[in-house]
Amino acid sequence: MVEVLLSALVRARSPSREEGPAVDVFEDWVAGRFPVTRRGNNRAVCRDSGIPGPRLLLLSHYDTVPATPQWTRDPHAPTREGDRLYGLGANDAKGCLAAMMCAFEAAHLARGSLWLVAAAEEEVGRNGVETILPALPAFSAAIVGEPTGMDVATAQNGLLLLDCVTPGRAGHAARPHLADNALYTMCRDILALEGLELDRVHPLAGRTTLAVPVASAGERHNVIPGEARFTVDLRTTAAYAHAELVAAIQGRVRSAVSVRSERFHPVETPPHAEILAAAEAAWPAARTFASPTLSDWAHLRSVPAIKWGPGLSEVSHTADEWVEVAMVAAAVD
């Protein structure tokens, strides 16, 4: 059953903001059997035991990144080769979602309730799970379905994204002494950030990381640029508040620093949370780790949660994406 669902989800084209075909697969699976909450392309279903108890949330997403030109096969035609099922989103995160759908259906509820949310726009945008959570009850715990190789992420890094504008004075390239080359200043700023020591170490997540992935300056060979721009990407841990990091960067550069995004803060499961004991009992071989990649866990800061699921994180967003069917089936149990 899980492979049938997984294949149907992979076959359904669902890039972020265009998840309609995958929503249809989910609605066909529900087929009126469970109460459904709908917000945009997000769907939530519930099973209630009728006996008071904890509410467990299973959360994953059906949107995908676009297929890259490097694909050597049809990304929307699920193909089984050995134990691998190839297709866009098979690993991130339709394998997780298919496993959760099957687990939701098969679970025996002695008490409390079980919720399953299939989210849109996890990869990009603001119309994802955060738009449906206000319509749902408070949860006692959550499992965020992402490919972790069946290991258990008990912490997840945040994201702080900064835009930096470097001032200068434009001039003719033949008279550089009369100009102030913003490109040179930008390069000095970037090198200053390379040397910035963020030495507080989180016990599980390690150090906050800093990268400059985008930089630009100038348009013509004979004009010295009067302005330059670059982006700073920080993957944050609870060792630093975002405001501290902004202040540290502002103190190192001449560029004007502005915050583009800081809504994704780091999250961590309390060490004695029941969900950790449940995960250990369900999958004793799993190691615990801190995940450097973002997920919808960032929207569940007040809920004890883990990130867990079939598939491998390093396969996400790659050409000829795949997931092991046996691992997806094992995740259901």
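How many bridges join S9 to S16? The legends below take up this question and a few related ones, using a predicted model.

**View 1. Strands S9 and S16 side by side.** The answer is 6 bridges, and the two strands run antiparallel. To find your place along this pairing, look for Asp-163, whose bridge partner in S16 is Ser-258.

**View 2. The open sheet and its edges.** Zooming out a little, you can follow 4 strands in the order S13-S15-S9-S16, paired in the antiparallel sense to form an open sheet. S13 and S16 (residues 256-264) stand at the edges with a single partner strand each, so one side of each has no neighbour in the sheet. On average, and ignoring direction, neighbouring strands here are turned by 15 degrees against each other.

**View 3. Strand S15 and its two pairings.** S15 covers residues 227-236, and 7 of its 10 residues are buried, so this strand is mostly covered. Its pairing with S9 (residues 158-167) is antiparallel and extends over 10 bridges. A handy landmark here is Thr-166, which stands opposite Ala-228 of S15. S15 is also joined to S13 (residues 209-217) by 7 bridges, again with the strands running antiparallel. In that pairing, look for Leu-210 and its bridge partner in S15, Leu-234.

**View 4. Two helices packed on the sheet.** Return to the S9 and S16 pair with its 6 bridges, and then bring the helices into the picture. Helix H5, made of residues 182-194, packs on the sheet and touches S9, S13 and S15. The direction of H5 makes about 15 degrees with that of S15. Helix H6 (residues 242-250) packs on the sheet as well, with S9, S13, S15 and S16 all touched by this helix. For H6, the angle to the direction of S9 is about 25 degrees.

**View 5. The two faces of helix H7.** Which residues of H7 are buried? Within this helix (residues 274-282), they include Ile-275, Leu-276 and Ala-279. Looking down the axis of H7, you will see the buried residues fall within an arc of 100 degrees, so they line one face of the helix. That fits a general rule: an α-helix has 3.6 residues a turn, so residues three or four places apart point the same way. Turned away from the buried side of H7 is a face carrying the exposed residues Glu-274, Glu-280 and Ala-281.

**View 6. What covers the buried residues of H7.** The cover includes four strands to look for: S3 (55-61), S7 (141-145), S8 (152-156) and S19 (305-308).

Methods: Residues are numbered from 1 along each chain as its sequence is written. This is a predicted model: local features need pLDDT of at least 70, side-chain atom pairs count only at pLDDT 80 or more; totals for chains, interfaces and linings use all residues. Side-chain values use heavy atoms; hydrogens and water are left out. Buried means under 20% relative accessible area, exposed over 50%, partly exposed in between (1.4 Å probe, protein chains only). Two strands pair if DSSP finds at least two bridges between them. Axes are lines fitted to C-alpha atoms, for helices over the stretch in contact, and angles run from 0 to 180 degrees between N-to-C directions. Contact means heavy atoms within 4.5 Å. The arc is that of the directions from the helix axis to the C-beta atoms.
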